[in-house]
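Colleague: Could you walk me through part of this fold? I'm new to reading structures.

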Amino acid sequence: MVKILDTTLRDGEQTPGVSLTPHEKLEIALKLDDLGVDIIEAGSAITSKGEREGINSITSQGLNAEICSFARAMTIDIDYALECNVDSVHLVTPTSDLHMKYKLRKSREETLKCALDATEYAKDHGLIVELSAEDATRSDINFLMELFIKGVEIGADRICICDTVGILTPERSYDLFKKISEKITVPVSAHCHNDFGMATANTISAIRGGAQECHLTINGIGERAGNTSLEEVVMALYTLYDIKTNIKTEKLYEVSRVVSRLMKLPVPPNKAIVGDNAFAHEAGIHVDGLVKNTQTYEPISPEIVGNKRRIILGKHSGKAALKYKLELMEISLSREEFERVYERIKNLGDLGKYISDVDLKAIIKEIKGEVIERKIYLEELTVVSGNKITPVASIRLNFSDDCKREQLIETSFGVGPVDAAINAMRKALSSVADITLEGYHVRSIDSGTDAFVEVTVKLRRGHEVVEVKNSQEDIIRASVEAVMEGINMLI
Ligand code: MN
C-alpha cells in the first residue's frame, strides 16, 4: 500500500496563472477526500489571509484525509500553519549547495540548524512533520543523510526527497530511494517534477526503491512542466505493478474535470487516463477489433477510471465503426438511412471535420427528415465598448414553448466586448444547464477590416463535447451565435 499526498492545492496552484478563491479550494478538497487521497496539502498558510481562510475552511470539515500546510523551516510559517488547525506540516528546507548559497544565503551548518529547530518547534506544537529536502537530487548525499537522520532523531514523522527541477531518471531514482530508505526508519516520500516527462516513471521507481508515499497532483498540474500526475501513478501502480492505494479509481475522471474547470486549465485530449481521447478509437481496423473484444485496443476498461469509450467517426472509420457506435448510442436505422448517414460522415471526414456524438445525432435527425428544433433563441444583444469605459454586454434570451420558461435578461462586464458578451451568455445559461465553454478560437478568413472572421467554440456538457464554427463580418455576433448553436445542440 502506497500513501498519497495530493499537492494540487499547493504545488498545483503554483501553476502559472492559477489562483483559487477559498471557496474553490474547499470544493477541490472535498473532491480529493472523496477520491481517497491520504494527505491533502491544502496550501501554504503564510502566503496570505485568503490562503489561510481556504485552509481553515478545509480543516473545519472533519475530512478523512490528513490536512497539511507547506512551511519553510521558520517558526513564523509554522505559527501560521497552527492558526489554520492543520494536522501536519510539509516542512521544506533546501539542501543543494546551489539553493543554500544563492537562495537561502546560508551555510550547510546554518541550514541544518534551522531545519532541526523548526522540526522540534513543530513537534512541540503537536504537528505531524514531514521533513522535506528541496532540490535533494542535486544535493550532496552525505549532507542529505545527515539532515534526515538528525531530523528523525528529533521527531520527524516522515521524510521527503524532492526532485525540484525534474532531473532524476528512473534508474537514479531507484538507487537514491533505495539507499535512503535502507538507512531511515520512518516512511520516505517522493516529490517529482515533470521537466523531462519522466515524473511518473521516476515516482514509480522511487516506490520500487522503497518510498512509501508520493506527492502527486490531479492532471499533473504544477510549476513549469508540472508535478507527477496522480491518475497516471495510481493506475500504473494498480494495473502494471499490482500495488494498491486508497484511491477510488472510478472517480478519477470526474475529479480531473472539477480541477480543470476551477483552475481554468484544460485537460489535453491525449492526456493518459483522463483525456477525452484516452479511450477514443477512430481507425476502422481498431474499431473492428474492439467490436470483437475491447481488450484488443484498450489496456484497461474506461469505466475503471470513470472515463468513457468514444468511437470517433471520421475518414478512417468503416461501416463497422458506425454500426458499433449506433449500438452504443441505442439508435436503430433502416439500411437506406444507414448508408446515407455513412456517406455524410465520409464526406465530412474528408473535409477534416471531427464528428462528435451531437453532430451524429444532428445528421441522423436531418436524414430522417426530423426538424432540429431550437430551444433557446437570442432575441437581443447589446454591447458597449470604447475608450475609458468597461466593456458591457446585455442579452435577452427566449425559450421555445415546451421549455415553459420565462425569458432571461442578463448583463455582464468583460475585458473586451466579446468577453463581455460571452460572460453575459454564461451568466444567463448557468441557471439553464451545466455547460462550460472549453475553447474559443478566432481566425480571419481574408484581409481587410470588413473581412469574414471565423469563430470556433468548444462547449462541454458532462462527457458530451461539441465544436461549432460561425463565420461572418461581425466578430461579436459570430461568437455569440456559435455559442448559441452549441448550446442548442447540447440540450
Ligand atoms: Mn514542487
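Modeller: Sure, here are a few questions and answers on a predicted model.

Colleague: At roughly what angle do the axes of helix 7 and helix 8 cross?

Modeller: Two packed helices are described by the angle and the distance between their axes. Here helix 7 covers residues 170-183 and helix 8 covers residues 199-209. Their axes come within 7 Å, and they cross at roughly 35°.

Colleague: Is that crossing left-handed or right-handed?

Modeller: Handedness depends on which way the near helix is turned from the far one, by less than a right angle: anticlockwise is left-handed, clockwise is right-handed. For helix 7 and helix 8, the crossing is right-handed.

Colleague: And how many charged residues are in that contact?

Modeller: On the helix 7 side you'll find Lys-178, among others, and on the helix 8 side there's Arg-208, among others. Sorting the contact residues gives 5 nonpolar and 5 polar, and the charged ones come to 2.

Colleague: Is helix 8 mostly covered, or mostly open? How many of its 11 residues are buried?

Modeller: Buried here means under 20% relative accessible area. Ile-204 and Ile-207 are among the residues of helix 8 that pass, and the cover includes helix 7, strand 7 and helix 9. Helix 8 is mostly covered, and its buried count is 9.

Colleague: Over in the strands, which residue of strand 8 is the bridge partner of Leu-5?

Modeller: Strand 1 (residues 3-6) pairs with strand 8 in the parallel sense, over 4 bridges. Strand 1 also pairs with strand 2 in the parallel sense, where Leu-5 stands opposite Ile-39. In strand 8, the bridge partner of Leu-5 is His-215.

Conventions. Residues numbered from 1 in each chain as written. Predicted model: local features only at pLDDT ≥ 70, side-chain atom pairs only at ≥ 80, totals over all residues. Heavy atoms only, no water. Axes fitted to C-alpha atoms, helices over the stretch in contact; angles between N-to-C directions. Helix = DSSP H or I, 4+ residues; strand = E, 2+ residues; numbered from the N terminus. Contact = heavy atoms within 4.5 Å. Nonpolar A, V, L, I, M, F, W, Y, C, P; charged D, E, K, R; others polar. Buried < 20%, exposed > 50% of the residue type's maximum accessible area, 1.4 Å probe, protein only. Pairing = 2+ DSSP bridges.
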